[in-house]
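Open the model in your viewer and keep the selection tool at hand. The stops below say what to select and what is found there.

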Amino acid sequence: MTILDTIADYARIRVAEAKKQVPLEQMRERAKALDANTGFPFEQALRGQDITFICEVKKASPSRGIIAEDFPYLQIAKEYEAAGANAISVLTEPKWFKGDGSYLQEIANTVSIPCIRKDFIVDEYQIYEAKTLGASAILLIVSLLDTPTLRRYRELAESLGMSALVETHDDGEVASAIEAGATIIGVNNRNLKDFTVDFSNSARLRPLVPQGTIFVAESGVETPEDINELRKAGTDAVLIGETLMRATDKKQALDHLKTGC
Ligand SMILES: O=C(O)c1ccccc1NCC(=O)[C@H](O)[C@H](O)COP(=O)(O)O
């Protein structure tokens, strides 16, 4: 059993508990009552002249443990926005990432840039919930979902006015993402089964993703050289967590990544 299987099993338990508080039918009605004509701001925000930045609000991770003892999540999100982030990723997984849905809700209510719910989606309930929390996008991890389910969840998210970032790790998963009709495909440099980070993974898989589909490189980005390498490989957007979370001055850190200065 991999850590990803363990996290996914726990997500199923979380969903079962959440349904006891707010049943599926009620959550669906709440989500459907919200505006679905959003214009897909997350997708729009990632389409730039140059590489765009999704900055992640992440207190902890299974591979690193606690990353930020002091975790003023709202302040961090505001600093990301002021620093020029194009979108914000908010971890809502509580056990290994110490996230919470309320963090996403507060952040989405405060900043003007789009937010993605970063979680381990194993049930449609979490997609409706993401909408009620103010998410503009959700993460769908290919290795957790078969292709028909992936397509169904992506279409559900889009019917609610949210985009889906479809996360892959190898060529087979990229093929599944394309088959599921993904318009935003991420390649994670971190193997979610054993935590190893191979920074070249996203650049290697870039040619498999059709032009026009937004290509996101995820995890392990640390330096301006990394950004340059990804830029050269044709990356549209990068998702950065730990490097920015550990930086005391978010603007300086993001400027440094962008320009090398
Ligand atoms: O970060 C982990 O340890 C991890 C372990 C198992 C599943 C997912 C995990 N991380 C989720 C992510 O994909 C990252 O938070 C995201 O890409 C940012 O990565 P980084 O810039 O390396 O913090």
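Is Asp9 buried, partly exposed or exposed? Asp9 counts as partly exposed, at 34% relative accessibility. This is a predicted model, which applies to every stop that follows.

**Stop 1: Asp9 and its helix**

Select residues 3-21, which form helix H1, and pick out Asp9 within it. Now show side chains and add Arg12: a polar contact of 2.8 Å joins the side chain of Asp9 to that of Arg12. For a sense of scale, draw a line from the C-alpha of Asp9 to the C-alpha of Tyr80. The two residues are 71 apart in sequence, and the line should read 32 Å.

**Stop 2: Lys78 in helix H4**

Go on to residues 73-83, helix H4, and select Lys78. Lys78 counts as partly exposed because its relative accessibility is 39%, and that value falls between the limits of 20% and 50%. Then select Ile141, which is 63 residues away from Lys78 in sequence. From C-alpha to C-alpha, Lys78 and Ile141 are 27 Å apart.

**Stop 3: the ligand**

Select the ligand and display the residues around it. How many residues are around the ligand, and which of them come nearest? There are 19, and the nearest are Glu56, Lys58, Ser63, Ser219 and Gly241. Colour this shell by residue type and it divides into seven nonpolar, six polar and six charged residues.

Next, look at individual side chains that face oxygen atoms of the ligand.

- Lys58: a polar atom of its side chain lies 2.7 Å from a ligand oxygen.
- Lys118: an N or O atom in its side chain is 3.2 Å from an oxygen atom of the ligand.
- Ser219: here the distance from a side-chain N or O atom to an oxygen of the ligand is 2.7 Å.

On its own the ligand has 510 Å² of accessible area, and the protein covers 98% of this. If you display pockets, the ligand is found in the largest pocket.

**Stop 4: Ser219, a ligand neighbour with positive phi**

Stay with Ser219 and show the backbone. Ser219 is placed in the loop that runs between strand S9 (214-218) and helix H10 (224-232). Its phi is near 80°, a positive value in a residue other than glycine. Is Ser219 buried or exposed? Ser219 counts as buried because its relative accessibility is 11%, below the 20% limit.

**Stop 5: Ile227 in helix H10**

Follow the chain into helix H10 and select Ile227. Ile227 is buried, with a relative accessible area of 0%. Add Ala217 to the selection: Ile227 and Ala217 are ten residues apart in sequence, and their C-alpha atoms are 9.6 Å apart in space.

**Stop 6: Lys98 and its backbone**

Move to the loop between strand S4 (87-91) and helix H5 (101-110), and select Lys98 there. Lys98 is not a glycine, yet it has a positive phi of about 55°. With 36% relative accessibility, Lys98 counts as partly exposed.

**Stop 7: Asp119 and two partners**

Select Asp119 in the loop between strand S5 (115-118) and helix H6 (124-132). Which side chains make polar contacts with the side chain of Asp119? One of them is Thr92, at 2.5 Å. Another is Arg117, at 3.3 Å. Asp119 counts as buried because its relative accessibility is 1%, under the 20% limit.

**Stop 8: Arg154 in helix H7**

Select residues 147-159, helix H7, and find Arg154. Is Arg154 buried or exposed? Arg154 is buried, with a relative accessible area of 7%. Show Glu158 as well, since the side chains of Arg154 and Glu158 are joined by a polar contact of 2.8 Å.

**Stop 9: Pro210**

For the last selection, take Pro210, in the loop between helix H9 (200-205) and strand S9. Pro210 counts as partly exposed, at 35% relative accessibility. Select Asp146 too, 64 residues from Pro210 along the chain. The C-alpha atoms of Pro210 and Asp146 are separated by 21 Å.

Technical notes. Residues numbered from 1 in each chain as written. Predicted model: local features only at pLDDT ≥ 70, side-chain atom pairs only at ≥ 80, totals over all residues. Heavy atoms only, no water. Near = heavy atom within 4 Å. Polar contact = N/O pair within 3.5 Å; in protein donor to acceptor, adjacent residues only side chain to side chain. Areas by Shrake-Rupley, 256 points an atom, 1.4 Å probe, with all protein chains shown as cover. 1 Å grid on protein atoms, 1.4 Å probe; cavity = no way out; pocket = protein on both sides within 12 Å on 5 of 7 lines; lining within 4 Å. Sits in = over half its atoms within 2 Å of the grid points. Nonpolar A, V, L, I, M, F, W, Y, C, P; charged D, E, K, R; others polar. Helix = DSSP H or I, 4+ residues; strand = E, 2+ residues; numbered from the N terminus. Buried < 20%, exposed > 50% of the residue type's maximum accessible area, 1.4 Å probe, protein only.
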